[in-house]
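Please open the structure in the viewer and set a cartoon representation coloured by chain. The tour proceeds by successive selections.

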Amino acid sequence: MSRFLGTQNRTLWFWVFVGPFALGLILFTYVPLAWSVYLSFFDAHNTVSPDDFVGFDNYTSMLRNDAFTDSLVTFAVFSAFIVPTTFVLSLALALMVNRLRRAQAFFRSVFFLPAACSYVVAAMIWKLSIFNGVRFGLANTVLGWFGADQTAWLSTTDPPWYWLVIVTVRLWLQAGFYMILFLAGLQRISPTLYEAAAVDGARPGWQVLRHITLPQLRATSVAVTLLLVINAFQAFDEFYNLLSTSSGYPPHARPPLVYLYYTALGREQNLGLGSAGAVLLALIIAVVTIGQARWFGLGRKED
Amino acid sequence: MTAPVKGRVPAPRDRSTDDALVRAGRALRVVLLIALALLFLIPFYLLVRNGLASEDDITSPDWTFFPSTLHWSNISELFDDPTVPMARALLNSSLIAVTTTIGTLVLASLAGYGLARIPYRYADHVFYAILGTMMVPAAVTFVPSFVLVSSLGWVSTLRGLIVPTLFSAFACFIFRQYFLGFPRELEDAARVDGLGYWRTYWRVVVPNSRPVFAAVGTIVFIGAWNSFLWPLVIGQDREAWTVQVALATFTTSQVIRLHVLFVAAAVSIVPLLVVFLFFQRWIVAGVERSGIDD
């Protein structure tokens, strides 16, 4: 028995260990992926096995579709807000928490705690408590102390205050997680670098931050930026929960995933068009990710 | 020269002459941190406050920090309300989160061990094929995954909610990295004792790897409990609603009363906060170990 379990049958044992996982991945990721590409070339309303081949029609109609291109604009606006704010806040939190001598674990927990909260619950607090557009909403109450008028945060598009609501939800939920990534990066910086800087007369504070800490955090910063952009592309939960009402989803501020959800699984069940949109989205994400990685020189050995 | 502090970056020594300035800066930092911490805690406070307040207290135009009285009865009202399938949703979410966590740990750890430790010609190819799925955005697969699950007849079943989510490339990746660094001496000792791969894995490797299992398990559990898009797509019948889908449905339908909604949301995060606070240091370790920024 032990000889059978030993080195003679390595290939067999490799597949005993890896096989179930690999099989599931093929069935639930590779097959859907291939099916998605297949469906995108067919007119597939409400059917999973279409026979009406339409070539690239789904793609061209998707690219000419204002709703789809608007969703890309929504994504662009969203990431222009969320990527820099999350980056700066989580880096600032990490720098401050890292230098604490006491209560470091406490502050780390407090900032990380929202990561345990779901977007659904967070969106509920934001929508029904903080940014409720009526007098008992916390934001309006606080602003009222300073004599400001009441604002209908989520139901006004001019000015588009809903962006403030959408961005702050994600900021609250995510900043702690990225703070942990930055903290991990900070822990890896060798103390001798700081000692050398002190010997050279660098003043603690801005000089040390700019010339030692930030360059040493380069790899972490690149990874955080990539993750922020990819995650922004996949935003769904907070948009869906903040903006949709009993009467439906407003046409403004539909990010790509929300738009695809309604196209493919909404009343029309247009799976062909939805698949074409999904493939386009995947291509855009791939291009942006690879472009970013190139731009940052990710994978260059000398870093 | 002071001895270097083990494992932690020391704050730069206060060698500058303007000590007062440095001290003022430090005080400012602490004040800022406390202010930010309070800001981060406010949403949790609002959740609990509104969950335990009466509906009048929530909608009162004169907002107060503390509700006039605490209504613990909101909790029983939530579970007695026949229009709110909250008990069922909590049960579904618990079943899904526990099963997904156990299933992911078993499948991903076995695969990670195989990839790291069993010599096989095409091991690297298999590994890259697995890693590649991490780059596939959820947007691309949720439509065809729905199609697949519905053609299996799994819509609105727990199977449909659980099985497709069991194959986490991320978890497999973490396990592989961890097992690559696992001390070989322990395995060699087991080998000398005549144990094969299978028994070496279960009797030697797993018992000595508890922290990484705790880290991955916690991350998977939280992800499964909080996931929304997939349960929304698959859990179409009320009977198959998860906590998140139930809450979202109530929020947009606005039939339900506010205090019930808030107590439901508060109840929904209790299990998670317990898991989270208990396992937090393992999550941190898991993030640091994932090599995400290397």
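Select residues 72–93 of chain A in this predicted model. The span is 100% helix and 0% strand, and its end C-alpha atoms are 31 Å apart. In UniProt, an unreviewed entry lists residues 72–93 of chain A as a "transmembrane region", together with 12–33, 105–126, 161–184 and 271–291.

Move next to residues 105–126 of chain A, also on that UniProt list. Here helix accounts for 73% of the span and strand for 0%; the end C-alpha atoms lie 27 Å apart.

Now extend the selection to residues 72–292 of chain A, where the unreviewed UniProt entry places the feature "domain: ABC transmembrane type-1". This span is 71% helix and 0% strand. Its end C-alpha atoms are separated by 18 Å.

Then display chain B and select the residues in contact across the two chains. Chain A supplies 100 residues to the contact and chain B supplies 103. Between them the chains bury about 9,700 Å², with 77% of that area on carbon and sulfur atoms.

Within this interface, select helix α1 (residues 19–51) of chain B: with 16 residues, helix α1 contributes the most to the side of chain B that touches chain A. How do the residues on that side of chain B divide by character? There are 74 nonpolar, 20 polar and nine charged residues.

Finally, inspect the polar interactions across the interface. Seven residue pairs of chain B and chain A are in polar contact, both residues being at pLDDT 80 or more. The count of salt bridges between chain B and chain A is zero.

Notes:
Residues numbered from 1 in each chain as written. Chains lettered and ligands numbered in written order. Predicted model: local features only at pLDDT ≥ 70, side-chain atom pairs only at ≥ 80, totals over all residues. Heavy atoms only, no water. Contact = heavy atoms within 4.5 Å. Buried area = accessible area lost by both parts, 1.4 Å probe. Salt bridge = Lys/Arg side-chain N within 4 Å of Asp/Glu carboxyl O. Polar contact = N/O pair within 3.5 Å; in protein donor to acceptor, adjacent residues only side chain to side chain. Helix = DSSP H or I, 4+ residues; strand = E, 2+ residues; numbered from the N terminus. Nonpolar A, V, L, I, M, F, W, Y, C, P; charged D, E, K, R; others polar. UniProt positions renumbered as here; feature names shortened; annotations may be inferred.
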